[in-house]
Structure formats: C-alpha cells, structure tokens
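Open the model in your viewer and keep the selection tool at hand. The tour moves from one loop residue out to the sheets, then into the core.

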Amino acid sequence: MAPIIILEPAGGCLCDQPVHIAVRGLAPEQPVTLRAALRDEKGALFRAHARYRADPHGELDLARAPALGGSFAGLEPMGLLWAMEPDRPFWRLIKRDVQTPFVVELEVLDGHEPDGGRLLARVVHERHFMAPGVRRVPVREGRVRATLFLPPGNGPFPGIIDLFGLGGGLLEYRASLLAGKGFAVLALAYYNYDDLPKSLRTIHLEYFEEAVNYLLSHPQRSSQNDQRWPFGCCGRTSKPFGRDEEHHPCGKV
C-alpha cells in the first residue's frame, strides 16, 4: 500500500475550522517529514515542515503524534498551518479576496530532511473564507465605504461592525467568517481606501456614526444583541498562521 494523506474534512473547509491530518501506508516507525506550502495573492511563498515517526502500524496521526522538530515541536495537530513563515522577510499573510480560498499543498517525505527526502504522498487542501450561502454586498452609501456580509436566510441577524487598525484599506476575511456564524457583519474601511482620506490625520467621527446608522437601518439586521467590534487602532503583529489568530487569516486552531 502506497502512503496516502488523509484529511478530514476532505478537500477543504473554512479557515477558522480545524483539519485533521493523518498518513497511512508507511513502514512501521518510519521517519518522515511533513511539509506545507501556499502562495498568497501576490505570489509570496509560505512554508512549514515538521519531522515525525510513524507508529508500529505504519500510521501517523497528527492529533496523537508529537512533532520531533522542524518549524515546531510537540503535539500540534494544526502546526503545519499556523507555523508557516514567508520566504520574504517580514511579509505578512493577508487574505484580500475572500471569494477564493488559500490553497495549501501538503507533502510527506521519506526521512528527516525537509528538502532531500523522497516524495511519498501529496495532497491539496483549500482554506475557504465564505461559508455556503453567505452573501457579500459591496456598500457605497453616502460616505460609507464597506462590504456587508449576510448569513444564509432572511434574518434578522445580530449586527457587527468590523474595523482593522493601522494600514487602512478594506479587509474582509474576519467579517466573511463571522457571517458564517450567523452575524450580519459590516467590514468598514475608514482610510486609505477608494475616496476616503489617505491618512488618519483627517478622520471624522461622524463617518463612524453614519456607518452605524446604515447597519441599524438594514432590514436584515436584528435590533437585539448588536455589537460594534473594533479591534483598536493599533493592531498587534504576529507570524502568519501564528497563535495570535485574531490578526491573520487561517490561523484558528
């Protein structure tokens, strides 16, 4: 039996959902290296690897087997995802088009050399940002520049306004995932986007009031349990897929 990689769920899942990774068909106690790689929307390469040893039955289950070294060590079932690092120094993994997935390539190599072992198995896993039925609605209402994400169904839904910190622009990956949990989420840009101010020096608080009023007046927004969910104006930095899942896509474990 040739080695195969088993993923659950097979093929792909949402970026905030765990994936179970296992390998079957190895030799008893065979040393192997697992590699993960993806390219972001600008072509930058992110990679991670870890060394493992199969059990006496020739199987490897990342939920039970600790990594022996590499990009991480110890029992880390999602380590191959959160430990990915960019080839470019200080490059950050950011999802800009939530309508397409990140495509992760997983490989199993013979031995403990991440770049020299014989390839035993390969599989592709997709990390999606929109649950089935979630609707994405671009918003240009008065001065408001945003994207509204609505869950499946007619609602009404509890509302969230999602703001990012320094850097500006319009980032949607957090809002799109939250909509899959039953929230009407307004991903709000407030500078350095479209015709909005280019810097924080000219931000008017009335703009945020206008965004709140837009969401309050939406017919699919529930009047109960509304939340405004800003994460501050100074976001923390972290490794791509790192443990600070709040500030990067796909790192939820």
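## Stop 1: a buried glycine

Select Gly 111, which sits in the loop between S8 and S9. Bear in mind that this is a predicted model. Is Gly 111 buried or exposed? Its relative accessibility is 17%, and the cut-off for buried is under 20%, so Gly 111 counts as buried.

Now show what surrounds Gly 111. Beyond its neighbours within four places in sequence, Gly 111 contacts Pro 31, Val 32 and Thr 33. Add Gln 30 to the selection. The C-alpha atoms of Gly 111 and Gln 30 are 7.6 Å apart, with their positions 81 residues apart in sequence.

## Stop 2: the six-stranded sheet

Stay with Thr 33. Its bridge partner in S8 is Leu 109. Select the two strands around this pair: S4 covers residues 31–39 and S8 covers residues 102–110. They pair antiparallel over six bridges.

Step from S8 to S9. These two strands also run antiparallel, joined by eight bridges. To find the register, pick Val 104, which stands opposite His 125 in S9.

S9, residues 119–128, also pairs with S2. Here the sense is parallel, over three bridges. Pick Cys 13 and look across to Arg 127, its bridge partner in S9.

Zoom out to the whole sheet. What is the strand order? The order is S2-S9-S8-S4-S5-S7, in an open sheet of six strands with mixed pairing. S2 (12–14) and S7 (85–86) are at the edges with a single partner strand each, so one side of each has no neighbour in the sheet. For the side chains, a general rule helps: in a regular strand they alternate between the two faces of the sheet.

## Stop 3: the three-stranded sheet

Next, select S1, S3 and S6. They form an open sheet in the order S1-S3-S6, with antiparallel pairing. S1 (4–8) and S6 (60–61) are the edge strands, and each pairs on one side only.

Zoom in on S1 and S3. S3 spans residues 20–24, and five bridges join it to S1. Leu 7 stands opposite Ile 21 in S3. Keep Ile 21 selected; it returns in the core.

## Stop 4: loops with unusual backbone

Most residues other than glycine have a negative phi, and most peptide bonds are trans. Three places here deserve a look.

- Glu 8 and Pro 9: the peptide bond joining them is cis, with omega about 0 degrees. Pro 9 is in the loop between S1 and S2.
- Glu 29: its phi is positive, near 60 degrees. Glu 29 lies in the loop between S3 and S4 and counts as partly exposed, at 47% relative accessibility.
- Asp 194: its phi is also positive, about 50 degrees. Asp 194 lies in the loop between S13 (184–188) and H3. At 40% relative accessibility, Asp 194 is partly exposed.

From Glu 29, select Pro 56. Their C-alpha atoms are 5.4 Å apart, although 27 residues separate them along the chain. Pro 56 belongs to the loop between S5 (45–53) and S6. It touches Pro 28 and Glu 29, leaving aside residues up to four places away in sequence. Pro 56 is exposed, with 57% relative accessible area.

## Stop 5: the core and H3

Which residues have the most contacts inside the largest nonpolar core? They are Ile 21, Leu 34, Tyr 52, Leu 60, Leu 80, Leu 186 and Leu 188, in a core of 75 residues. The element that gives the most to this core is H3, residues 205–216, with six residues.

Centre on Leu 60. Outside its neighbours within four places in sequence, its contacts include Ile 21, Val 23, Leu 34, Tyr 52 and Arg 53.

Then select H3. It has 12 residues and reaches 17 Å from first C-alpha to last, close to the expected 16 Å. Its buried residues are Tyr 207, Phe 208, Ala 211, Val 212, Tyr 214 and Leu 215. Look down the axis of H3: the buried residues fall within an arc of 160 degrees, so they line one face of the helix.

## Last stop: the whole chain

Clear the selection and view the full model. The chain has three helices and 14 strands. Of its 253 residues, 48% count as buried. Its accessible surface is about 12600 Å², with 52% belonging to carbon and sulfur atoms. Among contacts between residues at least 6 apart in sequence, 61% join residues at least 24 apart.

Notes: Residues are numbered from 1 along each chain as its sequence is written. This is a predicted model: local features need pLDDT of at least 70, side-chain atom pairs count only at pLDDT 80 or more; totals for chains, interfaces and linings use all residues. Side-chain values use heavy atoms; hydrogens and water are left out. Helices (H or I, at least four residues) and strands (E, at least two) are DSSP runs, numbered from the N terminus. Buried means under 20% relative accessible area, exposed over 50%, partly exposed in between (1.4 Å probe, protein chains only). Contact means heavy atoms within 4.5 Å. Accessible areas come from the Shrake-Rupley method with a 1.4 Å probe; for residues, only the protein chains shown count as cover. Two strands pair if DSSP finds at least two bridges between them. A nonpolar core is a set of buried Ala, Val, Leu, Ile, Met, Phe, Trp, Tyr and Cys residues joined through side-chain atoms within 4.5 Å. The expected span of a helix is 1.5 Å times one less than its number of residues. The arc is that of the directions from the helix axis to the C-beta atoms.
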